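Biologist: I'd like to learn how to read a protein model. Please take me through it one feature at a time.

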Amino acid sequence: MKRITYISRISHPLSIKEIEAIGNISSQNNLQVNITGLLVYFEKLFFQIIEGEDKEVDQLFKKIGKDPRHRDILRLKTEYEVRERLFPTWSMKTINLDHNVDELLRPVEKNNSLFGHSILLRNK
Ligand SMILES: Cc1cc2nc3c(=O)[nH]c(=O)nc-3n(C[C@H](O)[C@H](O)[C@H](O)COP(=O)(O)O)c2cc1C
């Protein structure tokens with residue numbers, strides 16, 4: 001198997017719904033070809049990890065590369081001969097950090113003051 005990690009920049013503003021739609025379509029498609037991974041959106045950037053059989057990963061990366069919704073794709077890492085998946089149960093977990101920050105921080109805020117810095121993060 002193979003794993004590719006890249007970042008890219010959006011070509012034009014994308015709504016929360018449009019980012020969700022990319023995640024949903026990706027997840028459906030990836031299930032068919034046994035690709036797993038993670039897609040993070042943050043301040044006009046995408047960060048994605050895709051993993052699966054070599055051929056499928058290469059084909060998908062090519063397709064993603066032609067998607068006009070983003071540009072300046074920078075491949076950060078290619079891992080070959082991958083034996084184990086990092087995200088075996090995520091056909092494409094999509095996290096919009098611009099939108100879900102409060103939700104993601106809730107578990108750490110609730111518990112104790114050790115994580116008090118998360119309050120600062122929220123107010124940045
Ligand atoms: C940042 C980004 C990540 C994407 N990731 C995937 C992906 O993991 N799997 C996928 O099938 N399509 C992904 N896409 C969408 C593809 O570029 C393409 O639009 C889609 O696969 C076309 O689906 P269709 O062939 O069913 O029309 C991504 C698009 C963007 C902009």
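**Around the ligand**

Biologist: Which residues come nearest to the ligand?

Modeller: A residue counts as near a molecule if its C-beta atom, placed from the backbone, lies within 6 Å of it. Here 16 residues surround the ligand, and Ser 26, Asn 29, Phe 46, Asp 67 and Arg 69 come nearest. Two or more residues of that shell come from each of α1 (16–33), β3 (45–52) and α2 (54–65). Those names are DSSP runs numbered from the N terminus: helices are H or I with at least four residues, strands are E with at least two. Also, this is a predicted model, where local features need pLDDT of at least 70 and side-chain atom pairs count only at pLDDT 80 or more, while totals for chains, interfaces and linings use all residues. Residue numbers start from 1 along each chain as its sequence is written.

Biologist: Which element gives the largest share of the shell around the ligand?

Modeller: That's α1, with 5 residues. By type, the shell splits into 8 nonpolar, 5 polar and 3 charged residues. Nonpolar means Ala, Val, Leu, Ile, Met, Phe, Trp, Tyr, Cys and Pro; charged means Asp, Glu, Lys and Arg; the others, Gly among them, are polar.

**The chain and its sheet**

Biologist: How many helices and strands does the protein chain have?

Modeller: The chain has 4 helices and 5 strands. Starting at the N terminus, the elements go β-α-β-β-α-β-β-α-α.

Biologist: In what order do the 5 strands of the sheet lie?

Modeller: Look for pairing, which takes at least two DSSP bridges between two strands. The 5 strands make an open sheet with mixed pairing, ordered β4-β1-β3-β2-β5. β4 and β5 are the edge strands, so to speak: each pairs on one side only. From one strand to the next, the twist averages 15°. For angles, axes are lines fitted to C-alpha atoms, for helices over the stretch in contact, and run from 0 to 180 degrees between N-to-C directions. α1 packs on the sheet, touching β2, β3 and β5, with its direction at about 170° to that of β2. α2 also packs on the sheet, but touches β1, β3 and β4, and its direction makes about 160° with that of β3.

Biologist: How many bridges join β1 to β3?

Modeller: Strand β1 (residues 2–10) runs antiparallel to β3, with 8 bridges between them. Try finding Tyr 6, which stands opposite Gln 48 in β3. β1 also runs antiparallel to β4, joined by 7 bridges. There, Arg 9 faces Arg 71, and Ile 4 has Thr 78 as its bridge partner.

Modeller: Now for β2 (residues 36–42), which is antiparallel to β3 with 7 bridges. One bridge pair is Phe 42 with Leu 45. The β2–β3 hairpin has 2 residues between its strands, and Glu 43 there takes a positive phi near 45°.

**Buried and exposed**

Biologist: Is β3 largely enclosed or hardly covered?

Modeller: Count C-beta atoms, placed from the backbone: a residue is buried if 20 or more others lie within 10 Å of its own, exposed if 12 or fewer, and partly exposed in between. In β3, 6 of the 8 residues are buried, so the rest of the structure largely encloses this strand. Strand β4 (residues 70–79) is hardly covered, with 1 buried residue among its 10. Over the protein chain, 19% of the 124 residues are buried.

Biologist: Which residues form the largest nonpolar core?

Modeller: In soluble globular proteins, nonpolar side chains tend to be buried together. A core is a set of buried Ala, Val, Leu, Ile, Met, Phe, Trp, Tyr and Cys residues joined through C-beta atoms within 7 Å. The largest one here has 6 residues: Ile 19, Ile 22, Leu 39, Tyr 41, Phe 46 and Met 92. α1 and β2 each give at least two of them. Apart from that core lies another, of 5 residues, including Ile 4, Ile 35, Ile 50 and Val 57.

Biologist: What does Phe 46 touch?

Modeller: Contact means C-beta atoms, placed from the backbone, within 7 Å. Leaving out residues up to four places away in sequence, Phe 46 touches Ile 7, Ser 8, Leu 39, Tyr 41 and His 70.

Biologist: Is Asp 72 buried or exposed?

Modeller: Asp 72, in strand β4, counts as exposed because it has 10 C-beta neighbours inside 10 Å. Although not a glycine, Asp 72 has a positive phi of about 50°. Glu 81, not a glycine either, also has a positive phi of about 50°. Glu 81 sits in the loop between β4 and β5 (93–96), and with 7 C-beta neighbours inside 10 Å, Glu 81 counts as exposed.

Note on methods. Two residues are in contact if their C-beta atoms, placed from the backbone, lie within 7 Å.
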